[in-house]
Amino acid sequence: MANTQATQAFYSITLEPGSAPTAACMCSVLPAQSKEQQIFEARGERVFLRRLVIDGEDVKVETMVEHDTFSIVRGVGSFRIPGMKEDLLTISSDSGRMSMLRYLPEKNKFERIHLETFGKSGVRRTVPGQYLAVDPRGRCLMMASVEKNKVVYIFQRNSDGEINISSPHEANQMSALCVDVCPLDTGWEHPVFGALEIDYSAVESDPSTAERPEKHLVYYTVDLGLNHVVRSWSADVDPTANKLFTVPGGAEGPSGVIVCAEGRLYYKHNNHPTMSIAIPTRGGSLEQARNRIIVSGCMFSNKSKRTFFFLLQTDDGDVFKLSMQVEVDQELQQVQSMTLKYYETLPVAREMLLIKKGYIYIVAESGPSKMYHVDSLADDEDEEPENTFTSSSLAEHDEPLEVVTFHPRPEMQFLTHTVDVPALHPLIRTKVDNLTNEDTPQIYAIQGRGDKSVFKTIRHGMSVSDAVESSLGNVPYEQIWTMKRQEGDQFHYYILLSSSYTDKTTVLGIGEEVESLDDTAFLTVRATICAAQMGDNAHVQVHARGVRTIQASGAVVEWPAPTHRTIVAGSANQRQLLLGLSSGELAFFFMDQSGALNALEEYPEMSDKVTAIGIGPTPKGQMQARYGVVGCEDRTIRVLSTDLETPLEARSVQALSDVPVSIEVVTMLDPDTNSSVDFVHIGLKSGLYLRAIIDEATGELSDVRTKFLGHKPVRIFPVEVHGQPCIMACSSRPWLGYHHPVTKQYTLTPLVTSPLIAVRPFISEHLNGLCGIAESDLRIFSEPELGGRFVSEDIALQYTPRNFARNPWYPIFYTIEGDANTMSQATIKTIQEQANGAARPPVGPPRAASHWASCIQALDPITSKSITSTIHLTDNETALCCACVPFESRDWEVYLVVGTAQDLNNSPMKTTSSQATPAYQSRGGGFLHVYKLVDEGKTLQFVHKTRFANPISALTPFKGRVAVGVANELFIYDIGSTAVLRKSRGIVVPNTITSLEASGDRLAVADVAESVTFVVYKAKANRMIPFADDVIQRWTTAATLVDYETVAGGDKFGNLWLLRCPEQASAEADEDGMNGFIVNERSYMGGAPYKLDLRAHIFVNDIPTSIQRTPLVAGGADVLFWSGLGGTMGILVPFISREDVAFFTSLEQALRSEEAVLTGRDHLMFRGYYVPVKGIVDGDLCERFLGMGLEGKQRVAAEVEREVREVEKKVLEMRGRVAF
């Protein structure tokens, strides 16, 4: 990692894409199933197409397509042009282009059918794309910018069925800021779009009007005949209006819009009287009076009954049902009254989608998205009259707001939660550590917001749930088989367990329960080497002394092993049996049409002792497999012909790095040719797993892929999961090999469960799953959901986590949490005492202006998996940073040090000064709390706290003391009996210190706006001297020392970068004494004497919050692991050879020209959004090669002068050797 060459390069890989949602909509993109709905949503830079799958009581949200757009997606929409059978999709992004897509079911991918340019690239206030609105009848769409500009595209179909798009029609308005845009439902009249606009022309002449500028609802009519757009109507609206919703029109409703403002909802239309209704507020003594706003909603319309209603959600998460009473007067529908009824309290949503199957999909602002089943629409008017409100009048926005209150329910009444869509946003902090001594480390994270926050233990793998776990006693079994009574049976009947230690076999029967069977024809006094169901009804059991064939009639046929030889390995399919003898010879059997097992007279001899055998499955419609594979003690495998015309004839030989212990030949899908191919899966004694393709014609092995699975020998078992042929590789933990349901790529993912010795399929009347042996237990468990990458265990937190630290001696973490404008526990208790128990328990944390609720919690994620200690902060303090510090003056005893702020102001500071201001504004300054860790770190004991003039923004251990960042000052403190004792002080950055990293005598100090500064501490002179800083302003959010001279960091604009200290500056900083050059040198460019070199830079479209140098897999090299606020987790992998750099650079360049980006964004410009890309190859783009068609792969492979298989192998190995 510490490469001093200026040509150091990295490979950027996304482990988990960002999950923060941008936009979502419902669509129907399947022509054959035009009434089935799908969900089209944008998260981060990726778009997803999902569908709701209902199988009895099992409900899940399945991802159909996931596509990286390499752009900032700003909006999505769907529409159906009249005459079409499926919806088309549209994306607005930062590309300056409107992209129209079609879903291709046969290829399971998006096809871009139109790309229209309308402006410059980038997110600009005057370039349309921030708002996207689509006509309900699919005739046109409008894209609007934040300021001034709007464009309308009109869609048409010609006689050949091709889609034509008009040139953009502008609807610009000078001196106007746009707040929201929505389409109006006008039936088949001319399309109309409504926009909320702020006219700031008066503000330019009179700045005093800027506090509450005029806001208007403006209608833009698209004249399809004259082919232009006009501003047809405008009306004043509430200055606090923030959102618009479309009211059904035509024959289905009165048309118009719902205007949402603070505390009120308005119905407005150009030829209807305006009506308003107050948004209810929560009642109770714990609630402070404040106006709610609507943040999301959806509309349901029943066309046959001509009824409709809205579900609108406030910023508290409360959902209200808005219904409108409409009367028809001379063919004109008039709204008579509006009714608002409390419905449910749900997670605050970015988008709320109503699915026709009776489900509501909540695209959550924080945490996982949720699917709810609608049990009732709350149509009973007599139910909860205290939570129902009606209005038939207009209250102007300048009139006093009518206060109406309701009481939210703690439990859901009208909805039932069915399934979650996992998401990691907002991901506050992460730390990779191996606290459980597993093969691979775990990712510990704090995530979430408010009382829904959690501490997560994230593991790579898929989860399974145990159905049966039964002890097998003291007998160490190492093999298991499941078989049916007859080939045509639906369920398994026998389970065979074999123990070579006791030389016995146990037979279990599968019925209502799994129980032992004693009256079977299986031989139980010998250990079973291989068991299979051959032919139609025969069972074959192979043991060391021979082969036992059990016919359907009950007759038993024995084949004894040759004299002075025993059977050591075997494999069988429906018609063939291949055995390895202790002499190194092979015995081959084939079953004729009568069901008799016939042996080959000759015993071909291998080069060494046979250790593993695998024979391919019998192809459908044939009587025999073509090849078998034999592994020997001399670290080789041989592919042998199993054709009766050339039995056991060697076809190819492959040398291995270690002795093969398990071989299985499985027919699986080849995504390149979309056909079935025989793959040989090999497990080695060293823990290495290999997979290769057997050439159908020649028997040669090709496309060999390898992966290290664990420190134990790898044993392979064929299984079937969700109807797909898979393999289970058991080493120090079990791995499932399968083809990913979305990407179709072969994937190896571990199961998050105890180590398994052997695994087989298990099919019964009550469960389709797997059964296996784990130590001395028989386990039967469900099939894992294919496609999962991570499994997490959660511990609930009380408030939004801000940071965390780990005890260096025990597996205990300490989290600091705080929420702004939230009542603390002490305030809640005081109010409840004053109410004499009459106060209702709050639903969620009660809100209160200028209040902070904060606490410090110790938690044990390994043993108790719970909170072990909680300390609530008082006096309106909130914790900002923390660190576990060993103090030299206390014999290196570890203390928890927490930095806080008192009366912290969350609002941005207003100043007329040109000088830099601190990032934290606080009237009460800050405190440094010190806690003693007792009971193995599980309990916190308060020691003392020390007041500071400014909030504490950063902490880190430093040479037996603690380094403290306060505003732009860096302090070094030691622990005292009643307060911390200051040892050194220095001003090292211009603004505010955001993070500190220490190594030896130097510190890497990150500034909120001025990148990173290297500081050296001279102990003899007690001085801190900044000696190297950056030349570019970087608003640093995370930083870490990669080595003694290199720092990696991220900024709030979504950039990752590596900076390196010049060798001369580093050497001079380490000189002893105060007479060196570094001490007396003048500052350069207003900063430190030396400037840091930029080694690598890339835009990742997420705000990095944590960066760490760590390995991620067993035996893997160190990588730079980073995580972002939007839920992204990724790595930077250092290249180890110049050849790899040249190859992946040329591959990236070829893919830029070959693989078209859906949104039309230039990939190089996207990755170099603020600073040009330097020293980093985009692995996400390189991995797009795996999903290309065969022709496209061949063109790209020709560009880089490699074979397609070789390019695929290089791309997969680049990820597989260091990550997952």
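Trainee: How do you know that β2 and strand β3 (residues 38-43) pair, and in which sense do they run?
Mentor: In this predicted model, six bridges join β2 to β3. Pairing needs at least two bridges, so the two strands count as paired. They run antiparallel. As one example of position, A24 stands opposite E41 in β3.

Trainee: What is the order of the strands in the open sheet that holds β2?
Mentor: The order is β2-β3-β4-β5, four strands with antiparallel pairing.

Trainee: What makes β2 and β5 edge strands?
Mentor: β2 (21-27) and β5 (58-68) each pair on one side only. From one strand to the next, the twist averages 25 degrees.

Trainee: Which strands make up the open sheet around β78 and β79?
Mentor: Four strands, in the order β77-β78-β79-β80, with antiparallel pairing.

Trainee: Why is one side of β77 and of β80 left without a neighbour in the sheet?
Mentor: β77 (952-958) and β80 (980-987) are the edge strands, and each has a single partner strand, so there is no neighbour on one side. Neighbouring strands in this sheet are turned by 25 degrees against each other on average, direction ignored.

Trainee: How do you know that β78 and β79 pair?
Mentor: Between β78 (residues 961-966) and β79 (residues 969-975) there are five bridges in the antiparallel sense. The cut-off is at least two, so they qualify. G965, for instance, has L970 in β79 as its bridge partner.

Trainee: Now the helices. Why is α5 called oblique to α8?
Mentor: Helix α5 (residues 1138-1154) and helix α8 (residues 1190-1199) pack at about 140 degrees, with their axes 9 Å apart. Roughly antiparallel would need an angle over 145, and roughly perpendicular one of 65 to 115, so α5 is oblique to α8. The crossing is right-handed.

Trainee: Which residues make that contact?
Mentor: L1147, A1150, L1151 and E1154 come from α5, and G1192, R1195, V1196 and E1199 from α8.

Trainee: What makes the class count of the contact of α5 with α8 come out as it does?
Mentor: There are four nonpolar, one polar and three charged residues. Gly counts as polar, so G1192 falls in that class.

Trainee: And why is α5 described by another word when set against α9?
Mentor: α5 and helix α9 (residues 1204-1216) pack at about 110 degrees, with their axes 12 Å apart. That value falls in the range of 65 to 115, so α5 is roughly perpendicular to α9. The crossing of α5 and α9 is left-handed.

Trainee: Which residues of α5 and α9 meet, and how do they divide by class?
Mentor: D1140, F1143, F1144 and L1147 in α5 meet V1207, K1210, V1211 and M1214 in α9. They divide into six nonpolar, no polar and two charged. Asp and Lys count as charged, so D1140 and K1210 are the two.

Trainee: How do you know that the peptide bond from H425 to P426 is cis or trans?
Mentor: Its omega is near -15 degrees, and the bond is cis. P426 lies in the loop between β33 (415-421) and β34 (427-433).

Trainee: What makes D503 worth a remark?
Mentor: D503 has a positive phi of about 55 degrees although it is not a glycine. Most residues other than glycine have a negative phi. D503 sits in the loop between β40 (494-499) and β41 (504-510).

Key
Residues numbered from 1 in each chain as written. Predicted model: local features only at pLDDT ≥ 70, side-chain atom pairs only at ≥ 80, totals over all residues. Heavy atoms only, no water. Axes fitted to C-alpha atoms, helices over the stretch in contact; angles between N-to-C directions. Parallel < 35°, antiparallel > 145°, perpendicular 65-115°, else oblique. Left-handed = near helix turned anticlockwise from the far one by under 90°. Contact = heavy atoms within 4.5 Å.
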